[in-house]
Amino acid sequence: MNQQANYICSVKVTIIAAIGANNELGKDNKLLWHLPNDLKRFKQITTGHCIIMGRKTFDSLGKALPNRTTIVITRNKAIAVENVLCVESLKQAFVAARKLKEEHCFIIGGAQIYRQSIHDADELDITHVHESFEADVFFPAIDQNKFTEMNRENFQKDEKHIYNYSISTYKNNDKKVAAIFLDRDGVLNKEIGGYITNTDALEINEAIAPFLKKKQSEGYKLIVITNQGAIDKGELTHETLKEINNKLKDAFAKLGVTFNEIYYCPHHNEISMCLCRKPKSLLLEKAIARFNININKSIMIGDHERDRYCAEGAGVFGVIIPSNEVGNLY
Ligand SMILES: NC(=O)c1ccc[n+]([C@@H]2O[C@H](COP(=O)([O-])OP(=O)(O)OC[C@H]3O[C@@H](n4cnc5c(N)ncnc54)[C@H](OP(=O)(O)O)[C@@H]3O)[C@@H](O)[C@H]2O)c1
């Protein structure tokens, strides 16, 4: 089994929460109700998967839940807890989950993390408790235009459950697309150990074409992100780079592959400062905004650590391959 193939995966994101009639979540870092059957269900559906939470929710639990990969989001770099992976942002949490080959992540709270993740969740799994409560944290409003209720199950109160409640699943209608971000030199064309400053020096890596063609047919956008510091150094012009990129596009078009965009950074850090030269992530961020890309279903393929850093900075999973060894991606 080739190693790279393991990484061509995406992660499904489900938000799971129990909320009161006015979206109440908790008070004084505690839950507001005790619904044992709902807790059993939570355990059942999250076991074997990855759970992501904010530090305060983790504090309220007091320990890692068994049989689940536990990721806690905190700005405190000093936190170290056994069996818990601490990260500094939601983006880092998703990248970490994908590195661990998790295929389904559950966001389990609290309010801050729900607010930050609701737009990117594939689905919401919500227990609606049919009662109002005094609370200090609330679930964000569920936008009915964005989320469609797919299923609702009702439960009546009994001796162990003092409130009626119902469980609804909502599907995100957002039509975000997946993308494969590609470094250029060493991935799409031969790395020659220096700048490619004329069209004759461009030799494409044809072996990557079947993989790209397949992914394109599955709906992935193909977006090239390349550093072209030779422009800043005066060794290449924008016009010549356009000709080189056109040759690249034409060659791949003949193999059935169309790139949606080629973004390049013309700067070199020895000459000018910028936010677009990899390992910085600006070009990726631009593409994500322009093409409405779902970062959790996208990858970046490059042949340098700077490609990985660039990807991870934007919350995209980065795959590093040896230069020009593109034949075993699928
Ligand atoms: N009803 C439910 O289903 C449910 C589920 C879960 C939780 N809850 C309730 O929700 C409450 C806790 O929610 P909460 O909103 O107060 O806290 P939270 O979301 O659990 O955690 C907030 C903490 O997460 C970290 N954090 C948040 N955004 C971050 C970012 N962008 N980058 C880095 N770190 C970030 C910070 O940790 P640091 O301060 O360490 O930097 C922040 O203080 C409790 O009452 C709990 O019982 C209810």
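In this predicted model, the ligand is surrounded by 27 residues, of which G26, G54, G109, G110 and A111 come nearest. Five elements each give two or more residues to this shell: strand 1 (12-19), strand 2 (24-26), strand 3 (50-54), helix 2 (55-61) and helix 4 (111-117). By character, the shell residues divide into 10 nonpolar, 12 polar and five charged.

The protein as a whole has eight helices and 15 strands. Its C-alpha atoms fill a box of roughly 80 × 40 × 40 Å along the principal axes. Of the 330 residues, 39% are buried. Among contacts between residues at least 6 apart in sequence, 69% join residues at least 24 apart.

Two open sheets may be described side by side.

| Sheet | Strand order | Pairing |
|---|---|---|
| Eight strands | 5-4-3-6-1-7-10-9 | mixed |
| Five strands | 13-12-11-14-15 | parallel |

The sheet of eight strands has the order 5-4-3-6-1-7-10-9. Strand 5 (84-87) and strand 9 (147-155) stand at its edges; each has a single partner strand, so one side of each is left without a neighbour in the sheet. On average, neighbouring strands of this sheet are turned by 20 degrees against each other, direction ignored. At one end of the order, strand 9 pairs with strand 10 (residues 165-172) in the antiparallel sense over eight bridges. Within this pairing, E153 has I167 of strand 10 as its bridge partner.

Two helices pack on the sheet of eight strands. Helix 3 (residues 90-99) touches strand 3, strand 4 (69-73), strand 5 and strand 6, and its direction makes about 160 degrees with that of strand 4. Helix 1 (residues 36-46) lies across strand 1, strand 3, strand 6 (104-107), strand 7 (123-129) and strand 10, and runs at about 170 degrees to strand 1.

The sheet of five strands has the order 13-12-11-14-15, with parallel pairing. Its edge strands are strand 13 and strand 15 (317-320), each of which pairs on one side only. Neighbouring strands of this sheet are turned by 20 degrees against each other on average, direction ignored. Strand 11 and strand 12 pair in the parallel sense over four bridges, and the bridge partner of L182 in strand 12 is V224.

Helix 7 (residues 282-291) has four named buried residues, L283, L284, A287 and I288. These residues cover an arc of only 140 degrees around the axis, which puts them on the same side of helix 7. The buried residues of helix 7 pack against strand 11, strand 12 (221-227), strand 13 (261-265) and helix 8 (305-313). After helix 7 comes N292, whose phi is positive, near 55 degrees.

One loop residue completes the account. I192 is placed in the loop between strand 11 (179-182) and helix 5 (209-217). This residue, I192, is partly exposed because 14 other C-beta atoms lie within 10 Å, a count that falls between the limits of 12 or fewer for exposed and 20 or more for buried. The C-alpha atom of I192 is separated by 8.9 Å from that of L202, which is 10 residues apart from I192 along the chain.

Note on methods: Residues numbered from 1 in each chain as written. Predicted model: local features only at pLDDT ≥ 70, side-chain atom pairs only at ≥ 80, totals over all residues. Near = placed C-beta within 6 Å. Nonpolar A, V, L, I, M, F, W, Y, C, P; charged D, E, K, R; others polar. Pairing = 2+ DSSP bridges. Axes fitted to C-alpha atoms, helices over the stretch in contact; angles between N-to-C directions. Contact = placed C-beta atoms within 7 Å. Arc of directions from axis to C-beta.
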